[in-house]
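Let's take a walk through this one from the inside out. Pull up the model and keep the side chains switched on as you read.

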Amino acid sequence: FPSHDINAFQLPMLIGSYELEIWPFLEKIRNLPIRRSIHLGAANGYFAVGFARTFGHTVLAFEAGSANHRELQAIIRSNGMSDRVVCRPAANYQDLDAEIGPEPAMIFCDIDGGEQKLLDPDLIPKLREVPMLVETHPLDGAAGYSRDLLRKRFSETHIIEEAVMKSRFCHEMVQFADSADSFRLKGLENEILSAALEERRTENNWLWMIPKKSEGLAYRDWE
């Protein structure tokens with residue numbers, strides 16, 4: 001982060017506890033034969049910049065919130081990723097369809113329920129051949145969850161795994177408090193532990209969806 005004044009939202013990101021339930025999926029992404037990712041809902045750029053730095057991806061970061069763009073750009077610059085991460089406003093069907101091209105790419109999506117409209121293979125057929133990591137949410141204006149809708153849409157074309165959000169407990173998170181010295185946060189162990197215990201919204205499970213076949217590759221080649 002470019003500022004030394006880390007806020008409560010950033011602290012879980014700094015110590016590594018943020019969205020820790022998807023870590024196994026991130027390890028799978030590391031091994032995918034792709035080097036480009038499309039981020040829908042980039043927010044402050046934590047994952048967009050992380051994919052560029054850690055996986056060597058070129059990243060297209062869509063973010064609807066204009067208030068987030070200044071921090072997003074600052075984090076990109078402070079990490080030296082201006083040549084790898086490009087920012088744009090919110091994506092629509094045409095934007096997403098245009099960006100899924102011949103170069104293998106994946107989608108990382110956290111758009112607070114917008115996935116139920118945007119990730120529609122009937123409107124964007126190319127989605128049937130794209131790996132996707134998607135945070136799901138309650139359906140807008142209806143009972144149920146987008147995870148069930150996405151499973152229905154993609155079960156024929158993708159292998160789907162789910163990361164279940166669950167409550168966290170102090171004994172599980174103490175490892176993050178022990179990391180205080182590594183981040184020059186000595187004396188803030190209690191604050192770190194509190195951040196690692198960030199409120200979990202159990203309805204926001206993540207789906208990791210891998211195409212059963214993509215450019216002739218079988219699922220085993222994507223594991």
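Start in the middle: the largest nonpolar core has 30 residues, and the ones with the most contacts inside it are Ile22, Leu26, Ile29, Phe51, Val85, Leu133 and Trp208. Several elements chip in, with α2, α3, β2, α4, β3, β4 and β7 (206–211) each supplying at least two residues of this core. The largest share, 6 residues, comes from α3. Apart from this core lies another one, of 20 residues, with Ile38, Ile100, Leu118 and Ile160 among them. Keep in mind that all of this is read off a predicted model. As a general backdrop, nonpolar side chains in soluble globular proteins tend to be buried together.

For a close-up of the packing, pick Ile29. Leaving aside residues up to four places away in sequence, Ile29 touches Phe51, Phe55, His57, Met106, Leu133 and Trp208. Two of those names, Phe51 and Phe55, bring us to helix α3, which spans residues 46–55 and has Phe47, Ala48, Val49, Phe51, Ala52 and Phe55 buried. What sits over these buried residues? The cover includes α2 (23–30), β1 (36–40), β2 (58–62), α4, β3 and β4 (106–109).

Now follow the chain out of the helix. After α3 comes Gly56, and its phi is positive, near 70°. The backbone oxygen of Gly56 also has a polar partner, lying 2.8 Å from a polar atom of the Arg84 side chain. Arg84 itself is found in the loop between α4 (66–78) and β3 (85–88). Is Arg84 buried, exposed or partly exposed? Its relative accessible area is 30%, so Arg84 counts as partly exposed. Beyond its neighbours up to four places away in sequence, Arg84 touches Ala52, Gly56, His57, Thr58 and Val59. As for Phe51, it is 33 residues from Arg84 along the chain, with 9.7 Å between the two C-alpha atoms.

A quick word on the cysteines. A disulfide is a covalent bond between the sulfur atoms of two cysteines. How many does the structure hold? The count is 0. Cys87 counts as buried because its relative accessibility is 17%, under the 20% cut-off. Cys109 is buried too, at 0% relative accessibility.

Let's finish with the charged pairs. A search of the whole structure turns up 8 salt bridges. One of them joins the side chains of Lys126 and Asp97, at 3.9 Å from N to O. Lys126 lies in the loop between α6 (115–118) and β5 (132–135) while Asp97 is in helix α5 (residues 93–99), so this pair ties together parts that are 29 residues apart in sequence. Both ends are partly exposed, Lys126 with a relative accessible area of 35% and Asp97 with 27%.

Asp122 and Arg128 also meet through their side chains, with 3.1 Å from N to O. Here Asp122 is exposed, at 62%, whereas Arg128 is partly exposed, at 31%.

Then there's Arg151 with Glu162, whose closest N and O atoms are 2.9 Å apart. Arg151 belongs to helix α7 (residues 146–154) and Glu162 to strand β6 (residues 158–163), so the salt bridge ties together parts that are 11 residues apart in sequence. Arg151 is partly exposed at 29%, and so is Glu162, at 28%. Finally, salt bridges that share partners link Arg36, Arg88 and Glu99 into one network.

Definitions and conventions:
Residues numbered from 1 in each chain as written. Predicted model: local features only at pLDDT ≥ 70, side-chain atom pairs only at ≥ 80, totals over all residues. Heavy atoms only, no water. Helix = DSSP H or I, 4+ residues; strand = E, 2+ residues; numbered from the N terminus. Buried < 20%, exposed > 50% of the residue type's maximum accessible area, 1.4 Å probe, protein only. Contact = heavy atoms within 4.5 Å. Polar contact = N/O pair within 3.5 Å; in protein donor to acceptor, adjacent residues only side chain to side chain. Core = buried A, V, L, I, M, F, W, Y, C linked by side-chain atoms within 4.5 Å. Disulfide = S-S within 2.5 Å. Salt bridge = Lys/Arg side-chain N within 4 Å of Asp/Glu carboxyl O.
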